[in-house]
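Student: I would like to learn how to read features off a model of this kind. Could we take them one at a time?

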Amino acid sequence: MKILNDEYPVTLNDSQAAKDFGDLFPLTLTLEDYSNTEKVADLPHPLEVSDSPSGTAADKGDVSYYAPWGNLAIFYKDFRYSEGLVNLGKIDQGSEMLTKYGESFEVTFLKYE
């Protein structure tokens with residue numbers, strides 16, 4: 001994931017939802033702060049979640065999909081179990097950077113082979 005000139009590696013898991021998310025790359029989104037816990041952005045279309053658990057808790061650095069709203073959520077604080085939250089992967093290092101870019105900023109997800 002790239003913010004300005006800074007790159008932060010993200011590892012996606014093997015779920016169908018994560019594969020659908022990866023299929024959208026390259027993808028540029030505007031992340032906005034939500035509840036002083038996460039950065040969120042709307043995705044262009046829903047992800048397939050049929051093989052995913054019905055919900056999960058989030059750890060700092062988790063990249064998740066909130067199915068009820070169809071949005072991406074990247075957590076910079078731990079968060080309780082939420083029905084409809086699907087884990088897609090994790091920022092490999094540097095999740096604390098999510099607060100240094102302000103309330104709203106552009107991020108680009110790229111495929112790396």
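Student: Is Phe 105 buried or exposed?

Tutor: The cut-off for buried is under 20% relative accessible area. This is a predicted model, and in it Phe 105 has 8% relative accessibility, so Phe 105 counts as buried.

Student: Which residue forms an aromatic pair with Phe 105?

Tutor: Ring pairs are read from two values, the distance between centres and the angle between planes. Tyr 101 and Phe 105 are 5.4 Å apart centre to centre with 45° between the planes, a tilted pair. Tyr 101 counts as buried too, because its relative accessibility is 15%.

Student: How many aromatic pairs are there by this rule?

Tutor: The count comes to seven aromatic pairs. One of them joins Phe 25 and Phe 109, with 5.6 Å between centres and 20° between planes, and this pair is stacked.

Student: Where in the chain are the two partners, Phe 25 and Phe 109?

Tutor: Phe 25 is in the loop between helix H1 (16-23) and strand S4 (27-34), while Phe 109 belongs to strand S11 (residues 104-109). The two are 84 residues apart, and the pair links distant parts of the chain. As for burial, Phe 25 has a relative accessible area of 14% and is therefore buried. Phe 109 has 2%, so it is buried as well.

Student: Which residues form one aromatic cluster with Phe 25?

Tutor: Phe 21 and Phe 109 join Phe 25 in that cluster. Phe 21 is one of the buried residues of H1, together with Ala 17, Ala 18, Asp 20 and Gly 22.

Student: What do the buried residues of H1 pack against?

Tutor: For a helix, take the buried residues and list the elements they touch. Here the partners are strand S3 (10-12), S4, strand S7 (62-66), strand S8 (71-75), strand S10 (85-91) and S11.

Student: How does the helix fit into the order of elements along the sequence?

Tutor: The pattern reads β-β-β-α-β-β-β-β-β-β-β-β. In total the chain has one helix and 11 strands.

Student: Let us take a single residue in a strand. Where is Ser 64, and what is it in contact with?

Tutor: Ser 64 is in strand S7. With a relative accessible area of 1%, Ser 64 is under the cut-off and so is buried. Apart from neighbours within four places in sequence, its contacts are Asn 71, Leu 72, Ala 73, Phe 75, Leu 85, Val 86, Asn 87 and Leu 88.

Student: What share of the contacts in the chain is long in sequence terms, at 24 or more positions apart?

Tutor: Among contacts with a separation of 6 or more, residues 24 or more positions apart account for 67%. A related reading compares sequence separation with distance in space. Gly 94 and Pro 9 are 85 residues apart in sequence, and their C-alpha atoms are 8.7 Å apart. Gly 94 is in the loop between S10 and S11, and because its relative accessibility is 18%, Gly 94 counts as buried.

Student: What about the backbone: which peptide bond is cis, with omega near -5°?

Tutor: The bond from Phe 25 to Pro 26 is cis. Pro 26 lies in the loop between H1 and S4.

Student: Which residues other than glycine have a positive phi?

Tutor: Ser 35 has phi near 60°, and Asn 36 has phi near 50°. Ser 35 is in the loop between S4 and strand S5 (38-42), and Asn 36 is also in the loop between S4 and S5. Exposed means over 50% relative accessible area; at 52%, Ser 35 is therefore exposed.

Student: How do I judge the overall dimensions of the chain?

Tutor: Start with the radius of gyration and compare it with the value for a compact globule. For 113 residues that value is near 13 Å, and the chain has 13 Å, so the two agree. The C-alpha trace spans about 35 × 30 × 25 Å along its principal axes. Of the 113 residues, 47% are buried.

Student: What does the chain expose, and how many charged side chains does it have?

Tutor: About 6,100 Å² is exposed, and carbon and sulfur atoms supply 47% of that area. There are 9 positive and 20 negative side chains, and the centres of the two sets are 5 Å apart.

Notes
Residues are numbered from 1 along each chain as its sequence is written. This is a predicted model: local features need pLDDT of at least 70, side-chain atom pairs count only at pLDDT 80 or more; totals for chains, interfaces and linings use all residues. Side-chain values use heavy atoms; hydrogens and water are left out. Helices (H or I, at least four residues) and strands (E, at least two) are DSSP runs, numbered from the N terminus. The radius of gyration is taken over C-alpha atoms; the globule rule is 2.2 Å times the number of residues to the power 0.38. Buried means under 20% relative accessible area, exposed over 50%, partly exposed in between (1.4 Å probe, protein chains only). Contact means heavy atoms within 4.5 Å. Accessible areas come from the Shrake-Rupley method with a 1.4 Å probe; for residues, only the protein chains shown count as cover. Lys and Arg count as positive and Asp and Glu as negative; His and the chain ends are not counted. The place of a charge is taken as NZ of Lys, CZ of Arg, CG of Asp or CD of Glu. Rings of Phe, Tyr and Trp (its six-membered ring) pair if their centres lie within 6.5 Å; planes under 30 degrees apart count as stacked, over 60 as edge-to-face and the rest as tilted.
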